[in-house]
Amino acid sequence: MTRNAPRADIDEAALEVHKPKEWAAGIPGVAVSLLRGVEQMGAGRTVKTLRLLNQRDGFDCPGCAWPEPRAEDGEHRKLAEFCENGAKAVAEEATKRRVGREFFAQHPVEELHGRTDYWLGQQGRLTEPVVLREGGTHYEPIAWDEAFRLIAGKLKELDSPDEAIFYTSGRTSNEAAFLYQLLVRSFGTNNLPDCSNMCHESSGAALSEAYGIGKGSVSLADIHHADLIVVVGQNPGTNHPRMLSALEEAKGRGAKVIAVNPLPEAGLMRFKNPQNPRGVVGKGTPLADEFAQIRLGGDLALFQAVGHLLLSWEEAAPGTIVDREFVESSTHGFDDWAKNLREIDWSAIDEATGLDRDQIERMARMIAASERTVYCWAMGVTQHRHAVATIQEISNLAFARGMIGKPGAGLCPVRGHSNVQGDRTMGVWEKMPESFLSRLEDEFGIPVPRKHGLDTVDSIRAMRDGRGKVFIGMGGNFAAATPDSGLTERALRSCELTVHVSTKLNRSHVVPGRTALILPTLGRTERDTQAAGEQFVTVEDSMSCVHVSRGRLKPASEHLLSEVAIICRLATELFGADHAVPWRDFEGNYDLIRDRIAQVVPGCEDYNAKVRQPDGFVLPHPPRDSRSFRTSTGKANFTTSELEFPRVPAGRLLLQTLRSHDQYNTTIYGLSDRYRGIEDARRVVLVNAADLAELGFADGQLVDLVSEWEDGSERRAEHFRVVAYPTARGCAAAYFPEANALVPLDSVAKKSNTPVSKAIVLRLEPAS
């Protein structure tokens, strides 16, 4: 049995539980933003950085990928174009705290491994490259040139390039991502796992089959002008709070909102916008017109039920529900889809969703009446075994109503991390299409491998089995972000070399390979000066807009290198100064990188000129732009799926992992999950009070969480405090990364291979 025990530097017994909030943001959001900024940066630095956040002459938020308003859409940026968690992300990066050689001399790696993720992150910015040599106990300083020689030497010793794994985080810029994949493919492998594999890979797989591109089809203006916005498996109040402003604007224009979630998230109930009087002294704006408190994993059943109702109403009054013109001219498979949904098992729908049939019908009526519908979703949908089928069922509803390629309508997977979408556009994917690879090969005159590489889950398997010997992480926190924590840590430790390009200390640094390097890099907020002068980088938001990001702060240390410089210097050491790719030129002038992006990446022609426009430019999206579909059929594809949902044995719950309001991905900002009323602790499990009574547990009781899997295996996470919480009956929730240990490596979504972190069969036991 895999076990996961608490670490010592958080007093979990200090837990305070308050009534969950019924609204989000307001003055407390402003106060917390300023307080965290002053704590980490000081007052002057806080003002300087926040006024530049998400502004045209500043830097893109290092947090979420929510877009900024665009002037060409008739919209304008606010003076404060950021949210509470964006302010926290900047404070973490622009902090005055430092981690230098004295810190590493004082703390052996074994001690650091016993610390929490929160403690590690709070120590400050990394200031110089360090190495943990084989058999060593402490990281120690290493010169940059020696670090690059060490990495290149180890890579050259491998029996095959496929024994190296090159991971990428969403915070990497387009320029760095393009060069990183170029380095990896020049080396001879497509092993390019990235954080998308663990979050929205299901969206990409579903949408690519459905309408030919793995990206959403809407703009921010579409959300503002929608009649109906359906928000599924998503918590905007914590994970992308600026979305609340967009929902508020849509509501002001008469839109309705449907929220589908097992938890009553405050941000979807009511928003008190601190930038207008109604949000400061008034009651704010109610958002969700309909809150469907669905059981975990019941979304596919819900949307099949809605589809069934729409089709039955269409049969009763032909031409009133289905957009026949769009369906007949632009789609394929409608008849098979309709046949599949003509008869449904309502008892299975009831079991899967836990919703009243009257509520499902109300939602279907709202969808039927809307002329402009946007469907939004996040990881509450993507991290299920049947995630791809669920997203395709959502797509089916959009196609049936003609909600593609028209203003105020479309599909919107809300990406969680700034530039995670841009990384994929730039080629960071283990199975890029032949068209991209051949253009890359022609542009640089280098052989490019065609064999598909390893995604995140398969990379862990390869390291576990001894087939992955070198791990290089360009940003991110691989050890904390991935499932099956104990196995993942053992896999990393088995590597001959692990390398992490990072701004701050994290869990991955303290589960090292036999030799380990930490290479400190510039953050988004910092000036990047190279041979040709001060540089900027570009990023792509969640809605396909590419724009400039320019850091303004003095770097945290004179020893930091940019991600671009790190990649270029490693490539020069690995391939030699005479390599076909002009790595040294690229390091000195990022315009030269963008010139090559323009030649290789579709939609990026004349890249340098386009990104210098005030709001950048929007990448082409054929379904959105012209209702053209680059699928196998040449049309938008209806998909037929069997009804599937998690079935839970008696005496068990279904657990989802989620974020606290005081964290972003694996970065823990603090111990205040303010909207849920959880303070000063993280090892908590939220359970419906009626379920607690039925199972014989008391609110506040200390328990162990035990996950049960079809193969008979169990995993245990110890010492969690039970909190009675108004989640859906039969469901529970706990924070990641603390609960990641409960998810086995082989529990993945069909087609996307994404870890199933939202459907964990759970047994509660009194704490051991």
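A salt bridge here is a side-chain nitrogen of Lys or Arg within 4 Å of a carboxyl oxygen of Asp or Glu. The model is predicted, so local features need pLDDT of at least 70 and side-chain atom pairs count only at pLDDT 80 or more, while totals for chains, interfaces and linings use all residues. Residues are numbered from 1 along each chain as its sequence is written, and side-chain values use heavy atoms, with hydrogens and water left out.

**Exercise 1. Salt bridges across the sequence**

Task: Find the partner of Arg 36 in a salt bridge, and work out which parts of the chain the pair ties together.

Solution:
- Step 1. Start with the whole structure, where a search finds 61 salt bridges.
- Step 2. Look at Arg 36: its partner is Asp 662, and the closest N and O atoms are 2.8 Å apart.
- Step 3. Place both residues. Arg 36 lies in helix H1 and Asp 662 in the loop between strand E26 (653–658) and strand E27 (663–664), so the bridge links parts that are 626 residues apart in sequence. Helices (H or I, at least four residues) and strands (E, at least two) are DSSP runs, numbered from the N terminus.
- Step 4. Check the exposure: Arg 36 and Asp 662 are both buried. Buried means under 20% relative accessible area, exposed over 50%, and partly exposed in between (1.4 Å probe, protein chains only).
- Step 5. Repeat for Lys 215, whose side chain meets that of Glu 540 in a salt bridge (2.9 Å, N to O). Lys 215 lies in the loop between H9 and H10 and Glu 540 in strand E22 (residues 537–540), so this pair ties together parts that are 325 residues apart in sequence. Both Lys 215 and Glu 540 are buried.

**Exercise 2. A network of charges**

Task: Decide whether Arg 763 is buried or exposed, then trace the network that it belongs to.

Solution:
- Step 1. With 14% relative accessibility, Arg 763 counts as buried.
- Step 2. Its side chain forms a salt bridge with Glu 765 (2.8 Å, N to O). Glu 765 is partly exposed, at a relative accessible area of 23%.
- Step 3. Follow the shared partners: Arg 652, Asp 704, Glu 708, Glu 714, Arg 716, Arg 763 and Glu 765 are joined into one network.

**Exercise 3. The two sides of H17**

Task: Which residues of helix H17 (residues 334–342) are buried, and what covers them?

Solution:
- Step 1. List the buried residues: Phe 334, Trp 337, Ala 338 and Leu 341.
- Step 2. Look along the axis. These residues span an arc of only 95°, which puts them on the same side of H17; the arc is that of the directions from the helix axis to the C-beta atoms.
- Step 3. Turn to the other side of H17, where Asp 335, Asp 336 and Lys 339 are exposed.
- Step 4. Find the cover, which includes helix H15 (299–316), helix H16 (324–330), strand E14 (331–332) and helix H21 (387–400).

**Exercise 4. An enclosed helix**

Task: Why is helix H24 (residues 456–464) described as largely enclosed by the rest of the structure?

Solution:
- Step 1. Seven of the nine residues of H24 are buried, so the description fits.
- Step 2. Name them: Thr 456, Val 457, Ser 459, Ile 460, Arg 461, Ala 462 and Met 463.
- Step 3. They pack against strand E8 (164–168), strand E17 (470–474), helix H25 (478–481) and helix H26 (485–493).

**Exercise 5. The nonpolar cores**

Task: In the largest nonpolar core, which residues touch the most other members?

Solution:
- Step 1. Recall the rule: a nonpolar core is a set of buried Ala, Val, Leu, Ile, Met, Phe, Trp, Tyr and Cys residues joined through side-chain atoms within 4.5 Å.
- Step 2. Among the 65 residues of this core, the answer is Leu 155, Phe 166, Phe 178 and Leu 179. Helix H8 (residues 174–187) gives the largest share, nine residues.
- Step 3. Zoom in on Leu 155. Not counting residues up to four places away in sequence, Leu 155 touches Ala 164, Phe 166, Phe 187, Val 470, Ile 472 and Leu 574, where contact means heavy atoms within 4.5 Å.
- Step 4. Add the second, separate core of 60 residues, which includes Tyr 211, Ile 213, Ala 305 and Val 306.

**Exercise 6. A buried serine**

Task: Locate Ser 217 and list its contacts.

Solution:
- Step 1. Ser 217 sits in the loop between helix H9 (201–211) and helix H10 (220–224).
- Step 2. Its relative accessibility is 2%, so Ser 217 counts as buried.
- Step 3. Leaving aside neighbours within four places in sequence, Ser 217 is in contact with Tyr 211, Asp 222, Ile 404, Gly 410, Leu 411, His 621 and Arg 624.
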